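Please read the report below alongside the sequence and the model. The topics are a ligand site, one chain, an interface and a single residue.

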Amino acid sequence: MIQTLRENKKLQGLLLILPTLLWMFGLLIIPLILTFVTSFGGRSADGNVIYRFSLNNYLRLIGLTPEGGFDPLYLQIIWRSLTLAFQTTILVILMAYPLAYFIARAPAKRRNTLLFLVLVPLWTNFVIRIYAWIMILRTQGVLNSVIGWLVGLAGGHFQPFELYPSQSAVLIGMVYEFLPFMILPIYTSLEKIDNSLFEAAADLGANALRTFWRVTLPLSMPGVVAGTILVFVPVIGTFIVSDILGGRQVILVGNLIQRQFLDARDPAFGSAASIFLMLMTLIVTLYYTRRFGFGEEIAAA
Amino acid sequence: MAEYAVELRDISKRFPGPSGELVTAVRNVTMQIRDGEFFSMLGPSGCGKTTSLRMIAGFELPTEGEVYIHGKPMGKTPPFQRPVNTVFQNYALFPHMTIGENVAFGLQMDGVPKSEIMARVKQALEMVRLPGYEKRRARQLSGGQQQRVALARSLVKRPEVLLLDEPLGALDLKLRKDMQLELKKLQREVGITFIYVTHDQEEALTMSDRIAVMSGGVTLQVGNANEIYERPNCKFVADFIGETNFLQGKVTEQNGKAVTLALAGGLTVHAEAEQSLANGTEASVAVRPEKVNLTGHAGAANQFTGRIVSVVYIGTDTYYGVRLPGDQLLRAREQNDRPDSRPMAAEGDEVTISFSTQAARVLTE
Ligand SMILES: Nc1ncnc2c1ncn2[C@@H]1O[C@H](COP(=O)(O)OP(=O)(O)OP(=O)(O)O)[C@@H](O)[C@H]1O
Ligand SMILES: [Mg+2]
């Protein structure tokens with residue numbers, strides 16, 4: 001028995017992934033199948049799921065009403081989610097890259113402290129942190145008070161920004177929330193680059209800027225790709241940030257799904273939206289990783 | 001045209017150490033490297049070879065002193081503006097580029113036109129005997145091949161000086177020997193000044209026009225292979241390059257170069273010295289094992305009887321350990337060139353050994 005195990009590499013591998021496999025099966029595959037099945041169902045008058053096969057939920061999502069009309073409501077929600085996720089990801093990359101670069105180039109002793117500081121905010125509960133942004137962004141909030149005070153000092157008149165609740169507030173909250181998930185993988189890939197490669201570039205005649213474009217940036221792309229996936233995927237499905245900072249105005253796919261399960265009591269439609277969201281995410285990430293290569297940094301982060 | 005390709009004038013380099021104190025890596029080093037020369041820096045690990053090389057390349061700035069390249073003081077000139085190129089010990093090939101892109105990189109940085117780049121890359125790869133490897137990636141090549149790509153990448157820029165930091169360190173012995181010959185040949189062909197760092201004395205001796213022997217951050221001796229081997233100027237050099245016997249004694253007489261010393265056990269040695277020595281000076285006499293004859297010579301200046309304590313056969317040669325009166329040990333190396341090649345003596349035998357005055361050098365440091 002042990003002898004066979006020793007010789008059979010395949011069996012060894014199977015044994016090693018067995019716990020994960022069971023876990024994934026119980027908590028991912030089965031629920032996924034249930035969701036998939038439910039998404040073709042319908043809602044009974046008292047809010048229960050009727051299991052059947054109908055594409056109505058999907059048709060409703062893309063705006064086709066049973067009466068043959070067109071209602072772009074859900075498409076707008078999907079579009080809003082996509083744009084917000086893209087905007088968040090791009091802003092996060094722009095902010096995270098310089099920071100990650102700075103940390104990676106700091107003296108080795110300082111690096112750990114800096115990374116630690118990046119992670120400190122994560123100790124506070126996510127919801128509380130997002131609520132804190134209300135205090136900052138609302139019309140009588142910290143931001144407007146400070147700017148108003150400064151403008152007042154200069155003798156001007158300041159019309160406070162009405163940032164909360166709004167889509168901009170949601171964007172700010174998301175960028176804030178997901179920044180660490182971009183910093184870490186970019187840092188990892190930057191830190192991994194052998195210092196002698198920078199020296200080789202300089203030696204061959206590249207100044208700092210050209211070294212960055214030709215060596216640093218391409219070699220840190222795996223980190224950017226990994227970070228993008230770590231940010232884009234959760235952002236497109238999130239509902240808490242938009243709930244808190246968007247008031248009732250900013251409805252994203254996440255909010256839509258949540259409401260189908262809780263308020264509207266239509267799990268079938270919620271399931272269809274979930275499957276749709278998943279496919280959308282899958283397509284975007286697939287396209288993206290095909291295009292830019294897949295980052296091993298996901299694992300590292 | 002300046003006299004020297006590279007000149008280090010009284011260079012020192014200190015690094016901040018782990019607990020704030022300064023560590024001196026290089027101390028008052030002065031070296032003059034001639035144009036077109038194959039110049040080696042040789043020394044044990046940590047003696048400051050890499051640091052010296054990096055100061056020439058511009059990766060480190062000297063704490064004191066100045067680096068001159070073709071007579072121009074380098075000051076704080078950054079690496080990318082110096083007319084030198086480096087072949088790194090770990091090759092440092094760009095992993096995200098093909099071999100062709102790696103080699104082309106330096107030319108692109110110089111703004112060489114595209115058509116010319118293609119031709120020069122091709123030519124450089126042919127020169128290092130890797131024709132047609134443009135499309136491959138670095139990790140698909142063996143260590144020796146990567147080494148050659150690194151070489152091509154530097155040489156394609158036609159630098160005035162090429163710096164090589166233990167470029168063969170990672171290769172196995174056989175490949176290293178081949179590459180040594182190839183490098184030497186290449187250097188002659190392209191006529192570029194090579195500054196070569198190694199801790200392998202044999203490598204330095206076979207390849208270099210001149211060698212600087214370094215230890216503890218200072219240069220001990222600069223000279224060609226013959227000078228360094230035959231006329232070491234200190235005990236460290238005598239010991240580090242090849243093998244040496246040291247006999248301890250006191251100077252009793254000096255007459256020009258000829259010095260007489262009294263050893264323990266009542267022996268008298270006739271040796272040569274470059275420096276003048278006061279009578280009574282403690283000194284070492286360095287004698288190479290191969291210069292010691294196991295059979296006495298009637299006319300030899302130095303002739304002692306001793307007892308064989310060890311016989312070590314190493315194929316081409318045999319080492320005989322001889323204990324002299326006064327308990328000094330001397331190793332003699334004899335070639336096994338006789339047809340029967342039986343050992344000349346066995347352990348416990350009494351033998352008379354001899355060596356000439358020229359074979360014995362007096363060293364005080
Ligand atoms: N960046 C640095 N910071 C602190 N100390 C350094 C630094 N670089 C080198 N040193 C120290 O300077 C001394 C000389 O180092 P160097 O790398 O020049 O030695 P080397 O002769 O090249 O040795 P090896 O043959 O092992 O490569 C060593 O004691 C080393 O610890
Ligand atoms: Mg070194």
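In this predicted model, helix H1 (residues 49-57) of chain B gives the most to the shell around ligand 1, with 3 residues; helices (H or I, at least four residues) and strands (E, at least two) are DSSP runs, numbered from the N terminus. Around ligand 1 are Phe15(B), Ala25(B), Ser45(B), Gly46(B), Cys47(B), Gly48(B), Lys49(B), Thr50(B), Thr51(B) and Glu166(B), where a residue counts if one of its heavy atoms lies within 4 Å. By class, this shell holds 3 nonpolar, 5 polar and 2 charged residues; Ala, Val, Leu, Ile, Met, Phe, Trp, Tyr, Cys and Pro count as nonpolar, Asp, Glu, Lys and Arg as charged, and the others, Gly among them, as polar.

The table gives distances from an oxygen atom of ligand 1.

| Residue | Partner atom | Distance |
|---|---|---|
| Cys47(B) | polar backbone atom | 3.2 Å |
| Lys49(B) | side-chain N or O atom | 2.7 Å |
| Glu166(B) | side-chain N or O atom | 3.3 Å |

Taken alone, ligand 1 exposes 640 Å², and the protein buries 61% of that. Accessible areas come from the Shrake-Rupley method with a 1.4 Å probe; for residues, only the protein chains shown count as cover.

Chain B has 8 helices and 19 strands, and its C-alpha atoms fill a box of roughly 75 × 50 × 45 Å along the principal axes. Of the 365 residues in chain B, 49% are buried (under 20% relative accessible area; exposed is over 50%, partly exposed in between; 1.4 Å probe, protein chains only). The chain exposes about 16700 Å², with carbon and sulfur atoms supplying 48% of it.

Between chains, 22 residues of chain B are in contact with 17 residues of chain A, contact meaning heavy atoms within 4.5 Å. The two chains bury about 1800 Å² between them, 60% of it on carbon and sulfur atoms; buried area is the accessible area (1.4 Å probe) that two parts lose on being put together, summed over both. In chain B, Phe80(B), His96(B) and Met109(B) lose the most area to chain A, together 32% of what that side buries.

In chain A, Thr238(A) sits in the loop between helix H10 (208-237) and helix H11 (240-245). Is Thr238(A) buried or exposed? Thr238(A) counts as buried because its relative accessible area is 11%. Beyond its neighbours within four places in sequence, Thr238(A) is in contact with Met174(A), Leu252(A), Gly254(A) and Asn255(A).

Residues are numbered from 1 along each chain as its sequence is written, while chains are lettered from A and ligands numbered from 1 in the order in which they are written. For this predicted model, local features need pLDDT of at least 70, side-chain atom pairs count only at pLDDT 80 or more, and totals for chains, interfaces and linings use all residues; side-chain values use heavy atoms, with hydrogens and water left out.

Note on methods. A polar contact is a pair of N or O atoms within 3.5 Å; within protein, one must be able to donate a hydrogen and the other to accept it, and residues adjacent in sequence count only if both atoms are side-chain atoms.
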